[in-house]
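User: I am new to this structure and would like a close look at a single part of it. Please choose one place where empty space is left, and describe it along with what surrounds it.

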Amino acid sequence: MDAFMYRDGAMVAENVALERIAREVGTPAFVYSLAALRANYRAFATAAAALNAEVHYAVKANSNLAVIRAFGALGAGADIVSVGELRRALAAGIEARNIVFSGVGKKPAELREALQANVRQINVESRAELDMLDAVAGELGRTAEIAIRVNPDVDARTHAKITTGRKENKFGIDIDLARDAYGHAASKRHLRVVGIAMHIGSQILSLEPYRDSIRKLRGLISELRSDGHRIDRLDLGGGYGIVYRRDSNERPFAVADYMAMVRQETAGLGCALSFEPGRALVGNAGVLLGEVILVKPGAARTFVVVDAAMNDLIRPTLYEAWHDIVPVCEPPAGAITSTTDIVGPICESGDYLAKDRAMSPLAAGDLIAVKSAGAYSAVMASTYNTRPLAPEVLVDGERYEVIRPRQSLDELIGADRIPAWL
Ligand code: LLP
């Protein structure tokens, strides 16, 4: 569902005018729709339930406690990659037994805290981590339930910075070395192998890389079983792409088609399945609201300078990502557009939200909504140029609430310490 639409000439989030949020909360601000979050979760979880599969929300995509709470209340577990995310998931009410700990570089203290919390499963990504986890579990006198994340060497055909399932990526254990790693795990007193995991990348738009990976893992699973390992769980990771550019032919696969493929490829395998969606649940449930500071006509193009910048939303700069940008005040039908760069105030040419974008005329004081800013947006923000972190707002029907206030300049600057000897 798209909760952000024009009503009577102005964009709303559900039943709240974005103009009102801008006036009351200020800009830049992230605005999320609870109805959209819930609809996204329900669509995914209903399809997963038909396979008896569990859904662990990848909280890195949007780790605001209110967002995690919304999914947790609908039955989601969590996929976490740091002790910080562990604490967030627990604070939001996700039970430890529904938390899976992934990540390529967990530290002993993080593993310790996760074991003490009794998380469901730790997805191990290297032999060194097997040794480390065995040692930590031994110190605590416990046994850690683990899956090994296997790197199937499949091209997910996504942006190079977010593909994770190829040999040259740092993630998982190379499929050719996996049997050996499982043997190593089995020799450890404080580890209990329960399954296998994969995650091949993000913003994946076609089913084929998933199908290829599952087939490869299936072959491996029979070898592992014949080696005497228990592979009861198969964690298929996340990566499901969303539409960022609505006027293009960018079309992700439907969840139903994905689940049908998974059902077919895992038939008779005898593994409990789980998924770790992030972006698909939150991406299109949020916008970044900004205000035009000034318009600067240049020789080559027009620059629209807005108060949202690469520190708020780094995806265009980092991944050449496209985000649709729309004026909050609906342009008249047939409005003339011109080629525009929408840029922030930061002192870098890389600071842009859109390049060469056809936009209807914008003037100082106009509001814009940068769409699809629910995932990997607020969570990737920084304070570069001493710009405070933007607030996050959650809309529910007619009401809204600030779910993270704007950081104040005092908080930001006050965090620094000047040594007494300076
Ligand atoms: N599971 C694991 C182990 C992951 O590393 C990730 C994401 C997910 C699940 C969730 O993937 P999703 O369903 O959201 O695609 N910052 C980048 C995306 C990085 C994804 C990292 N891993 C972006 O803005 O596009």
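Analyst: In what follows, Ala, Val, Leu, Ile, Met, Phe, Trp, Tyr, Cys and Pro count as nonpolar, Asp, Glu, Lys and Arg count as charged, and the others, Gly among them, count as polar. The model is predicted.

The part chosen is the largest pocket. By class, its lining has eleven nonpolar, twelve polar and nine charged residues. The space in this pocket comes to about 690 Å³. Its lining is made up of 32 residues, and those closest to the centre of the pocket are Lys-60, Thr-164, Phe-171, His-199 and Tyr-376.

Where the pocket sits follows from the domains. The domain assignment gives domain 1 as 4–31 + 283–414 and domain 2 as 103–275. Both domains give residues to the lining of the largest pocket, so the pocket lies between domain 1 and domain 2.

The two domains can be described next. Their C-alpha centres are 36 Å apart. Contact between them involves twelve residues of domain 1 and nine residues of domain 2. The size of an interface is often given as the accessible area lost when the parts come together. Between domain 1 and domain 2 the buried area is about 1000 Å², with carbon and sulfur atoms giving 49% of it. On the side of domain 1, Tyr-319, Trp-322 and Asp-324 supply 46% of the area buried against domain 2, more than any other three residues.

Asp-324 also takes part in a salt bridge: its side chain meets that of Arg-246, at 2.9 Å from N to O. The count of salt bridges between the two domains is one. Seven residue pairs are in polar contact across the interface. The side of domain 1 that touches domain 2 has four nonpolar, four polar and four charged residues.

Other spaces remain to be set beside the largest pocket. The second largest pocket has a volume of about 450 Å³. It is lined by 19 residues, and Asn-40, Gly-241, Ile-242, Ala-280 and Asn-284 are the ones nearest its centre.

The structure also holds one cavity of 30 Å³ or more. The space in the largest cavity is about 30 Å³. Its lining consists of Ser-102, Asn-123, Arg-149, Ala-197, Met-198, His-199, Asp-235, Gly-237 and Glu-276. By class these are two nonpolar, four polar and three charged residues. His-199 lines this cavity and is also one of the residues closest to the centre of the largest pocket.

Terms used: Residues numbered from 1 in each chain as written. Predicted model: local features only at pLDDT ≥ 70, side-chain atom pairs only at ≥ 80, totals over all residues. Heavy atoms only, no water. Domains from an automatic or database assignment. Contact = heavy atoms within 4.5 Å. Buried area = accessible area lost by both parts, 1.4 Å probe. Salt bridge = Lys/Arg side-chain N within 4 Å of Asp/Glu carboxyl O. Polar contact = N/O pair within 3.5 Å; in protein donor to acceptor, adjacent residues only side chain to side chain. 1 Å grid on protein atoms, 1.4 Å probe; cavity = no way out; pocket = protein on both sides within 12 Å on 5 of 7 lines; lining within 4 Å. Points joined across faces, edges and corners; volume = space filled by probe spheres on them.
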